[in-house]
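Hi everyone, thanks for coming. Let's look at a structure together and take it one piece at a time.

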Amino acid sequence: MNSVAASLPRRRTGHPVVLCALGALLFATALWSLTRGAMAIAPGEVIGALLRWIDGTAARGDDSIVLALRVPRLLLAVAVGAALATGGSTMQGLFRNPLADPGLIGVSAGAALGAVAAIVLGGQSGSWLVAVAAFFGGLVATVLVFLLGKRRPGVANLLLAGVAINAIAMAGVGLLTYLANENQLRDLTFWSLGSLGGASWSRLGIVAPWIVLPLLCLPRAARALNALLLGDSEAALLGFRPERLQPFLVGLVALSVGASVAFTGVIGFVGLVVPHLLRMVFGPDHRFLLPASALGGATLLVAADALARTVVAPGELPIGVLTALVGGPFFLWLLLRRRVGESMS
Amino acid sequence: MSARRLLLAAAFVALPCVAAVATAATRVVSLGGDVTEIVYAIHAQDELAARDSTSTWPEAAKALPDVGYVRQLSAEGVLALRPDLILATHDAGPPTAIEQIRSAGVRIETLPASRTPEDIEAKIRRIGELTAHTKDADALATDVATRFNALAKAVAAMPHHPRVVFLMSTGQGSPMAAGHDTAADRAIALAGGVNAVADVPGYKAVSPEALVAMKPDVILLMKEREDAVGGVAGVLAMPGVGDTPAGKSKRIDFVEGQALLGFGPRTAENAAALQARWARP
């Protein structure tokens, strides 16, 4: 944390430029991803399809592959990537811990328990039942973590409550795994590796508001998160109320990450590493970190999904495998080239 | 995007496909090991454009493009092969992918789940109709029915029915045994055995003690895992096995999992082979 004061004034001026660059990178990655898939569609054709769609001329050729499958999938990747990375960055700020991710507040484990229960007891896979059960499982777990954690002041208690609820939820997942038959086992394994394959316009319309609206509220907490870096009492002296901030942030992250996980399954790595990486390079100012995480997470997930549907085409790899494969080595490289003695903040 | 525009878009994809049917041969994608086996057995394989990862028999099927695991399909991956007809086993999925393929205007036919000889015959005839190979399909269905009838007679004539445990060895920890509501349970019954684990549904991990308590006369495993478990010697060395009747008389049987448990054309002869072994005292 010692770099906060030193780095802020010097780097602040550069941040709008970095945000614009990240935005441009996301845009370029998005266009590239639209041209990638099991079906070979030339970039010109993809742009033609988009233009015909925008000005309302009749679709032709493979337009429907681009418009009905790839575009909703791209938008889902953007929303989910942004939710996971922004959620991670918020959690890392709230817990003042670079290893925090949205899973800490129980949302992922709760969602997993809900989804696995729907798969094993409801006998369903890839259906609405799984998504709804996962969403509510995530919310219930988060509410429990929060209620148990706030019985004593301080963020450490929230963390411990999260650890306990996570353990209980994962025990439930283990029990259900034991009860599952062979097909259900494979279904829940795939669920736990994530996929954006279920995207369609109608599903996107239902799930996107739950992801995006909470995300839009998070940047309002940026200044408060910056103050929290100094410690609870220092933040209080600066006029921020940590005990008010907690439910606000935990609730928003639980909603957007819960909706993401419910719809796509567990996609690891993005929430932990994207904000971490941005903080390592550009410093811990949350006014920058929150929007930058959104853009970075979206870019990583869009790229990973494009690879997921092309590497083994016409088959498809689980996206969780690729987020780690794409992001992991880059993160390691960044970590290793840092000079000895630099802090981890 | 409005529903109308989507429909229009779908129609534009569908149109060239419809035109293609009239001129060229049908392009079929087969999803599910049982479906692919039947397609080959009724000589309809010339129209196959792709298969899923569970379609590993016959060997020739492996040369076709692989669209991935049958319950985790990608809509675009399947559509990219420009199929005219998709033959899907009952649990092909996920439902969203099936929905997406259907809404792109491609014909997808899901075959009913099958666990009895009658189901298998019906499945063969249905695939025959869908691929316009009814003659071959009828012949195969009749042949399969004859084999099952002969098998049923042989089973009825067995002086005693051995207690059987089907083990799915995971290579670590306790192996999983097939309870009722499993393909293995039905296959054991077809071959004239009595499933010694029939009181629990699905696959359950069994401890060495539980295995001894089940008193199986025969232990059945998948041939696909034979090397991994170390063959008959490896099974005999598994904890508990030595204290079972099966272990004492060394009655360990390996069966081709896909052939016996796929409930396709090869199930009858594989069950019959097991029955012949089990009929001996």
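I'll talk about a sheet, two helices, a surface patch and some salt bridges. Please keep in mind that this is a predicted model.

Let's begin with the sheet in chain B. Four strands make an open sheet there, in the order E2-E1-E3-E4, and their pairing is parallel. Which strands stand at the edges? They are E2 (48–51) and E4 (107–110) of chain B; each has a single partner strand, so one side of each is left without a neighbour in the sheet. From one strand to the next, the twist averages 20°. As a reminder, strands of a sheet pair through backbone hydrogen bonds. If you zoom in on E3 (residues 85–88) of chain B, you'll find four bridges joining this strand to E4(B). For example, B:Leu85 has B:Arg107 in E4(B) as its bridge partner.

Now for the helices. Helix H2 (residues 33–41) of chain B lies across E1, E2 and E3 of chain B, and runs at about 155° to E2(B). Another one to find is helix H7 (residues 183–190) of chain B, where six of the eight residues are buried, including B:Ala183, B:Asp185 and B:Leu190. After H7(B) comes B:Gly192, with a positive phi near 90°.

Let's hop over to chain A. On the surface, A:Trp128, A:Val132, A:Phe136 and A:Ile206 form a nonpolar patch, with about 390 Å² of accessible area together. Which helix gives the most to this patch? Helix H6 (residues 128–149) of chain A does, with three residues. A:Trp128 sits in that helix, and counts as partly exposed because its relative accessibility is 37%.

Last topic: salt bridges. Side chains of opposite charge can pair when their charged atoms come close. Over all chains, the search finds 22 salt bridges. One of them is between B:Arg71 and B:Asp91, at 3.3 Å from N to O. This pair links distant parts of the chain, 20 residues apart, and both B:Arg71 and B:Asp91 are buried.

Another salt bridge joins B:Asp253 and B:Arg277, with the closest N and O atoms 2.9 Å apart. Here B:Asp253 is in strand E10 (residues 252–255) of chain B, while B:Arg277 is in helix H13 (residues 267–279) of chain B. Are the two partners buried or partly exposed? B:Asp253 counts as buried, at 9% relative accessibility, whereas B:Arg277, at 29%, counts as partly exposed.

Key. Residues numbered from 1 in each chain as written. Chains lettered and ligands numbered in written order. Predicted model: local features only at pLDDT ≥ 70, side-chain atom pairs only at ≥ 80, totals over all residues. Heavy atoms only, no water. Pairing = 2+ DSSP bridges. Axes fitted to C-alpha atoms, helices over the stretch in contact; angles between N-to-C directions. Contact = heavy atoms within 4.5 Å. Buried < 20%, exposed > 50% of the residue type's maximum accessible area, 1.4 Å probe, protein only. Patch = residues over 30% accessible without salt bridge, like charges linked within 9 Å, V, L, I, M, F, W, Y side chains within 5 Å. Areas by Shrake-Rupley, 256 points an atom, 1.4 Å probe, with all protein chains shown as cover. Salt bridge = Lys/Arg side-chain N within 4 Å of Asp/Glu carboxyl O.
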